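Reader: Please take me through one part of this predicted model, strand by strand, and then show me how that part sits in the whole. Keep it brisk.

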There are 2 protein chains.
Amino acid sequence: MTVRVDLNISLDGFATTTDQTPENPFGQDWGRLVAAYTATRTFRERVLGDTSGAGTTGVADRYGAEYFENIGAEIMGAGMFGLHDNAHDPGWRGWWGEEPPFRCPVFVLTNGAPRDPIAFDNGTVFRFLTASPEEALALATEAAGGADVRIGGGVDTVRSFLAAGLVDRLHVGITPILLGRGKSLWADLRGLEADCDVTSEVAESGVVHVTFTRR
Amino acid sequence: MTVRVDLNISLDGFATTTDQTPENPFGQDWGRLVAAYTATRTFRERVLGDTSGAGTTGVADRYGAEYFENIGAEIMGAGMFGLHDNAHDPGWRGWWGEEPPFRCPVFVLTNGAPRDPIAFDNGTVFRFLTASPEEALALATEAAGGADVRIGGGVDTVRSFLAAGLVDRLHVGITPILLGRGKSLWADLRGLEADCDVTSEVAESGVVHVTFTRR
């Protein structure tokens, strides 16, 4: 069982953008940050439900496909589920639509009021809990049944698992742009590479894929 | 005439390390940051004076050789010359020894007292001046006689030229380690890529070379 993280970051380390507006709910920066990933065939099929076969099939798509392989459970922060602006609505089912791409148990970390689990036909089940990284990982590991656990995001959640030494494999797709703003992945992670093998690969798009794998 | 910058940085963006001690004047972090570069044949020959042919000859050495090609003048900060701890000594000739690797006019930016130029037999001439980036570049451009000008470092000096939009080509060798401390190259450089072509290449060592070239 491997605990995995995959994130898109800018060359200056920003993993979460902060320029969202009501008119542009993802923000302009987000689109630029993830452009190579959202162009892949895997993303188009798995996240957008586009079964036409459209999309890129190079290095970015290989990482995109690996992203979904052998994941038995996922842990994410409340923001990634879309809870922050919707916690007042007991009927809110998240912003991933009726075909969330996870297709496995998803543990949503929240400090808010208890919420009932939400199950989707495709196997995605969101459960809400207030827990430490260690507690959440224990639950997710059990739910994964021997398959891998992904720490999905956002960056604060990922950083809490990295700081606790709970991540076995960290893959970042570094888009060679400088955002100059957002939430940084890297602060205070000195020495993360110490017990890891590190590989790097440049995709056709120019995105640099760096993977830290704990030995 | 191209204004060029080459820097080694960590994955979290640090270009200048800050763990120097009297016993370890470069610091432990510096050695790890530049290990692939200092192992090259070019560095060993040009900077250390080792003419035995020892050293690596792969991608890092290609960038190392390009570093010295067609440079007609260099601009550096007082710290890179070694002035900060030695400004009181009028006889101080810098920490580069009697064969400084520059072999061209070097303009050292300082807010300190005037100092006489220092000339070395190999063509290196250090001149000391208090000047804006634009003023220093005008002098260096004239001295370069049509060849390129390098902004050598340290990171504060490089950032002042980047912020002023004076750099035509920025090459960073990104060592896949997280230092978590030092001086960052990247803060407040949002959009640097906007009018640039960006290329990336992974060296045998795992260092990722990213180059921004202004169109």
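Author: Met76(A) stands opposite Gly153(A) in E7(A). That pair belongs to a longer run of pairing. Strand E3 (residues 71-77) of chain A is joined to E7(A) by 5 bridges. The two strands run parallel.

E7(A) also pairs with strand E1 (residues 3-10) of chain A. Here there are 2 bridges, and again the strands run parallel. Val3(A) has Val149(A) in E7(A) as its bridge partner. E7(A) is therefore a strand with pairing to both E1(A) and E3(A), given that two strands pair if at least two bridges are found between them.

How much of strand E7 (residues 148-153) of chain A is buried? The strand is mostly covered, with 6 of its 6 residues buried. A residue counts as buried if 20 or more other C-beta atoms lie within 10 Å of its own.

Now the core. In soluble globular proteins, nonpolar side chains tend to be buried together. The largest nonpolar core of this predicted model has 106 residues. Those with the most contacts inside it are Ile75(A), Val108(A), Ile75(B) and Val108(B). Take Val108(B) up close. Leaving out residues up to four places away in sequence, Val108(B) touches Met76(B), Ala78(B), Phe81(B) and Leu83(B). Phe126(B), Arg127(B) and Phe128(B) are touched by Val108(B) as well.

Stay in chain B for a helix. Helix H7 of chain B spans residues 155-163. Its buried residues include Val155(B), Thr157(B) and Val158(B). Arg159(B), Phe161(B) and Leu162(B) are buried there too. Just after H7(B), Gly165(B) takes a positive phi of about 70 degrees.

Next, the two chains together. A turn of 180 degrees, with a shift of 0.0 Å along the axis, lays chain B on chain A with an RMSD of 0.0 Å. The two copies are thus related as by a two-fold rotation axis. The same surface serves both copies, as 100% of the contact residues of chain B recur in chain A.

Last, the contact itself. 23 residues of chain B are in contact with 23 residues of chain A. Strand E10 (196-202) and strand E11 (208-214) of chain B each supply at least two residues of the side that touches chain A. The largest share of that side, 4 residues, comes from E10(B). By type, the residues of that side of chain B are 12 nonpolar, 5 polar and 6 charged.

How values were computed: Residues numbered from 1 in each chain as written. Chains lettered and ligands numbered in written order. Predicted model: local features only at pLDDT ≥ 70, side-chain atom pairs only at ≥ 80, totals over all residues. Contact = placed C-beta atoms within 7 Å. Nonpolar A, V, L, I, M, F, W, Y, C, P; charged D, E, K, R; others polar. Least-squares fit on C-alpha atoms with pLDDT ≥ 70 in both. Buried ≥ 20, exposed ≤ 12 C-beta atoms within 10 Å, placed from the backbone. Core = buried A, V, L, I, M, F, W, Y, C linked by C-beta atoms within 7 Å.
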